[in-house]
Amino acid sequence: MSDTSSLRAILNQTEVTMPSIQASSRAMMSFYDRPGGGATLAVSEWRSVLQTSSPSQSMPLLYVANEVIQTSKRNRGSKFLEAFSPVLGSSMIFICSRDNSVVEKVRRTVKIWGDRRIFSMRFVMEVLAGLEPYREGGSESRMTLSKSPSPVPLSEPKRSPKDEELREPVSNASDEDDDMFEGGNEPKLLDISIDATKLTASSRKRPNEKRDSVSGSDLKRRRSSLSNKPKALSGQNFLDLFQSVVSLDEKYKSCLSTIESIPASYLDDECNDVDDLVGDELTDMYKKVSQAQRNVRREKRTMFSVAVQRHELEKEARRYVGWLKNLAQVDNDDLALCEKLEKELDVIAICHDEAKSLHEQRLTEEAKKRAQAELKVKQQQEEEERQRILSDAKAEAEAKPGMRWNKELREYEYIKNTEEESWRD
C-alpha cells in the first residue's frame, strides 16, 4: 500500500476523539519533508476524503486540519499553511452546506486561527464572510470543492486610511455569544462586530457634537473654574494638601503592586507558553490574560488620574512657598527673642538665691507681726468679755428692794410675803 493510500485510509477512519485526531494529524505531518511538495499532496488527499466522506465525518476532518495547521505553525514551518490556504475557504463552505448545525463550530475554529495569528486577519474575515449565508439560515446549494481565491487578492481598489479603518468585517453582534472564548464583554483579538455605517455616521456627527459640547458643558466648566477662588493660605489647608499628596502616593503604590502581581507572561505578546495549551486550558488562560489586560488598563487610568491630581496639588503647593518662608522668618524672630530672654534669665539667676532668701525672711517677719496683732486683738476681746461678766455679776450681787442675804445659799433672795401666802392656810 502506497503512502497516499495509507493516509487516505487513516483519514477515513478519523473519529471525534483526541487520539484519533492526533493519529491522523501525525500521518499528514509525515508528508512535511517529502520532496516534490509532500504537504500539498497530503492536503490534496485530505480534500478528497472530505469530499467523499459522510456529513458526520466533516468535523473530525476539520479538527485534523486544525491540528496540522497549528502544529506546523508552531513546530515545523509554513508549508502546510501555504498548502491549506487556497482550499480552506471552499472547504469550510462545503462543510457548512452539508450540515447547518455545525456552522458555529466551524466559525469558532476559523476565529481561533485569527486569534492565534496563524492566518492574516483579512484572510480569516474572508473565510467568515463565506460562512455568513449558512449562519443566517439561508439555503445554499451543495458546492463542490473547487479552489477558492488566494487569501490576498492581487489587486484591490485603493482606500483612504479612514476608509481602511472603517472597513466592515463580516459578522454581527450575536457572534459574541457563540464565541469559543466566552468572556462576556471582554476585548477580543478578533473583533468582527463593528458596524461601519454607524461609525461613519458617528464620525460625521462628531464635529457638531464637539462644538455643542464646547458651547455647553465646557463653557460652564470654564465659568466655574474662573469663579472658583483659590483657597486661603492657612495651616489647616496646608495640612489638607499634604494629606492629599500622601493619599495619592498610597494609591500609586497600590497600582504598582497590582501591576507587579500580574505574571509577566500575561503581558508579553511574544510569550510561547500558550502554544501547547488546548481546550479548557486555553480558555482559562485566555480569560486570565484578558482579566490581566483589563486590570492593567484600569490601573493605567488610575495612575494617569493620580498624576493629574498630583500635578494640580504641586501647583497649589507652589503658592505656599512664600507663605512658608514668611512663617519661617517669624519663627526665626521668635527664636531670637527666646535666646535674648534666656540670656537675661541667666543674669537674673545670679542674684536669684539671695533675693529668694530675703523674700522668705520678709514673709516670715510679716507672718510674725500678723500673728502678734491677732493675739493682741484676741486678748483685748477676752479682757472686754471678762469686764462685762464682772459688771454683770456685780450688778446682780447688789441687794434689790425686798431681798435679803441667805447665808446657806450665799446669795440674795426675795423676802416672802406672809400676807399673800395666808390664803393657802
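Is Trp46 buried or exposed, and what is its relative accessible area? Trp46 is buried, with a relative accessible area of 0%. Please keep in mind as you look around that this is a predicted model.

**Aromatic pairs**

Let's stay with the rings for a moment. A pair of aromatic rings is described by the distance of the centres and the angle of the planes. In this structure the count comes to seven aromatic pairs. One of them joins Trp46 and Phe84, and because planes over 60 degrees apart count as edge-to-face, the 75 degrees between these two rings puts the pair in that class. Their centres are 5.3 Å apart. The pair links distant parts of the chain, with Trp46 in helix H3 and Phe84 in helix H5, 38 residues apart. Phe84 also counts as buried, at 0% relative accessibility.

Another pair is made by Phe119 and Phe123, and this one is tilted. Both of these phenylalanines are buried. Here are the two pairs side by side:

| Pair | Centre to centre | Angle of planes | Class |
|---|---|---|---|
| Trp46 and Phe84 | 5.3 Å | 75 degrees | edge-to-face |
| Phe119 and Phe123 | 5.0 Å | 55 degrees | tilted |

Trp46 and Phe84 also belong to one aromatic cluster, together with Tyr32 and Phe80.

**Charges over rings**

Tyr32, a member of that cluster, has a charged partner too: Lys79 lies over the face of Tyr32, at 5.1 Å from the ring centre. What sits over the ring of Phe31? There you will find the charged end of Arg34, 4.6 Å from the centre of the ring.

**Helix H2**

Now turn to helix H2, which covers residues 18-29 and has 12 residues. From its first C-alpha to its last, H2 reaches 16 Å, close to the 16 Å expected at 1.5 Å a residue. Which residues of H2 are buried? They are Ser20, Ile21, Ser24, Ser25, Ala27, Met28 and Met29. As a helpful reminder, an α-helix has 3.6 residues a turn, so residues three or four places apart point the same way. The buried residues of H2 pack against four helices: H1 (3-12), H3 (38-52), H4 (58-76) and H5 (79-98). Two of these names have come up before, as H3 holds Trp46 and H5 holds Phe84.

**Cysteines**

Finally, how many disulfides does a search of the whole structure find? The result is zero. Cys96 is buried, with a relative accessible area of 0%. Cys255 is buried as well, because its relative accessible area of 2% falls under the 20% cut-off.

Terms used:
Residues are numbered from 1 along each chain as its sequence is written. This is a predicted model: local features need pLDDT of at least 70, side-chain atom pairs count only at pLDDT 80 or more; totals for chains, interfaces and linings use all residues. Side-chain values use heavy atoms; hydrogens and water are left out. Helices (H or I, at least four residues) and strands (E, at least two) are DSSP runs, numbered from the N terminus. The expected span of a helix is 1.5 Å times one less than its number of residues. Buried means under 20% relative accessible area, exposed over 50%, partly exposed in between (1.4 Å probe, protein chains only). Contact means heavy atoms within 4.5 Å. A disulfide is a pair of cysteine sulfur atoms within 2.5 Å. Rings of Phe, Tyr and Trp (its six-membered ring) pair if their centres lie within 6.5 Å; planes under 30 degrees apart count as stacked, over 60 as edge-to-face and the rest as tilted. A charge sits over a ring if NZ of Lys or CZ of Arg is within 6 Å of the ring centre and within 35 degrees of the ring normal.
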